[in-house]
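Here are some friendly notes to read with the structure open beside you. Take the points one at a time, and find each residue on the screen as you go.

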Amino acid sequence: MIAVLTGGAVVGAEAFLTGCKNAETVSTAFTEKDVAFLDEIAETILPATNTPGAKAAKVGQFMTVIVNDCYDENDQKTFHDGMKQLNDASDKKYGHSFMKASPQERHDLLVDLDKEAKEHQKKRKEFMDAQDIKEKQAQQAGDKNFKKEQMPNHYFSLMKQLTLWGYFTSREGMMQALHYVPVPGRYEGCIDYKKGDKAYAGLGG
């Protein structure tokens with residue numbers, strides 16, 4: 001779901017699922033202000049309604065853990081640089097920082113960045129696919145000097161991925177935003193759905 005919504009594979013998921021810290025990570029300190037900043041970005045993506053929002057689920061703190069433990073050095077740099085770029089984009093658009101922006105201004109800015117990120121990720125996929133072809137051709141030709149070029153992810157794609165990942169694996173997201181079934185009693189191949197019903201979560205989610 002996250003990959004579809006953000007236009008790319010979930011960055012850091014492989015290291016997370018294997019329970020191993022990525023060997024290419026370089027842990028960097030996030031300040032309390034950084035965490036608060038990330039919480040507000042996440043809350044703008046998933047605001048509180050009749051269910052808790054991303055800030056209540058402490059998604060900002062979740063982001064810092066995944067970036068430090070599961071991202072490689074390139075994606076870590078993209079993420080950290082992206083925090084500044086997002087703030088600069090707010091200053092350019094509204095004349096003030098993201099933290100000083102109104103909820104509507106924040107929303108509109110992130111909508112623009114989401115469109116920009118999706119276009120970037122589409123171009124990145126095309127570029128990386130072309131690099132894969134060149135790598136195979138180099139291997140077939142016995143060229144040991146070939147080095148695959150990289151195109152970085154878009155920073156907002158990383159932030160959006162981590163927001164969705166952090167929220168829907170949190171207690172608040174699992175038990176209040178989704179229909180939580182802790183221990184499903186039987187297999188049900190077909191369940192009636194009414195528009196507006198919550199998706200299921202739990203051991204059988």
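**Notes on the fold and its contacts**

1. Let's start with a single side chain. Leaving aside residues up to four places away in sequence, I41 touches L86, F98, L110 and M159. Please keep in mind throughout that this is a predicted model.

2. I41 comes up again when we look at the nonpolar core. The largest nonpolar core has 31 residues, and I41, F79, L86 and L162 are those with the most contacts inside it. At least two residues of this core come from each of α3, α4, α5, α6 (103–140) and α7. Which helix gives the most to this core? That is α7, with eight residues.

3. Now step back to the whole chain. The protein chain holds eight helices and two strands. Following the sequence from its start, you meet them in the order α-α-α-α-α-α-α-α-β-β. Of the 205 residues in the protein chain, 37% are buried. Try looking at contacts across the sequence too: among those in the protein chain with a separation of 6 or more, 65% are between residues 24 or more positions apart.

4. Next, look at how α5 and α7 meet. Helix α5 covers residues 73–94 and helix α7 covers residues 155–168; their axes come within 8 Å and cross at roughly 100°. Angles from 65 to 115 degrees count as roughly perpendicular, so α5 and α7 are roughly perpendicular to each other. On the α5 side, the contact uses D75, T78, F79, G82, M83, Q85 and L86, while α7 brings Y155, F156, L158, M159 and L162. Sorted by class, the contact of α5 with α7 has eight nonpolar, three polar and one charged residues. You may recognise F79, L86 and L162 here, which were named above for their contacts inside the largest nonpolar core.

5. A second helix pair is worth a look. The axes of α3 and α4 are 7 Å apart, and these helices pack at an angle of about 115°. Are they roughly parallel or roughly perpendicular to each other? The angle makes α3 and α4 roughly perpendicular. The crossing of α3 past α4 is right-handed. From α3, the residues in the contact are V35, L38, D39 and A42; from α4, they are V59, G60, Q61, M63 and T64. The contact of α3 with α4 has, by class, five nonpolar, three polar and one charged residues.

6. Then visit the loop between α3 (32–45) and α4 (59–70), where A56 is found. Is A56 buried, partly exposed or exposed? Its relative accessibility is 41%, so A56 counts as partly exposed. Not counting residues up to four places away in sequence, A56 touches E43 and E172. A56 and G173 are 117 residues apart along the chain, yet their C-alpha atoms are separated by 9.5 Å.

7. Finally, stay in that loop for K58, which also lies between α3 and α4. K58 has a relative accessible area of 58%, and because exposed means over 50%, K58 counts as exposed. Its backbone deserves a second glance as well: the phi of K58 is near 55°, a positive value in a residue other than glycine. Why point this out? Most residues other than glycine have a negative phi.

How values were computed. Residues are numbered from 1 along each chain as its sequence is written. This is a predicted model: local features need pLDDT of at least 70, side-chain atom pairs count only at pLDDT 80 or more; totals for chains, interfaces and linings use all residues. Side-chain values use heavy atoms; hydrogens and water are left out. Axes are lines fitted to C-alpha atoms, for helices over the stretch in contact, and angles run from 0 to 180 degrees between N-to-C directions. Helices (H or I, at least four residues) and strands (E, at least two) are DSSP runs, numbered from the N terminus. Angles under 35 degrees count as roughly parallel, over 145 as roughly antiparallel, 65 to 115 as roughly perpendicular and the rest as oblique. Contact means heavy atoms within 4.5 Å. Ala, Val, Leu, Ile, Met, Phe, Trp, Tyr, Cys and Pro count as nonpolar, Asp, Glu, Lys and Arg as charged, and the others, Gly among them, as polar. Buried means under 20% relative accessible area, exposed over 50%, partly exposed in between (1.4 Å probe, protein chains only). A nonpolar core is a set of buried Ala, Val, Leu, Ile, Met, Phe, Trp, Tyr and Cys residues joined through side-chain atoms within 4.5 Å. A crossing is left-handed if the near helix is turned anticlockwise from the far one by less than a right angle, and right-handed if clockwise.
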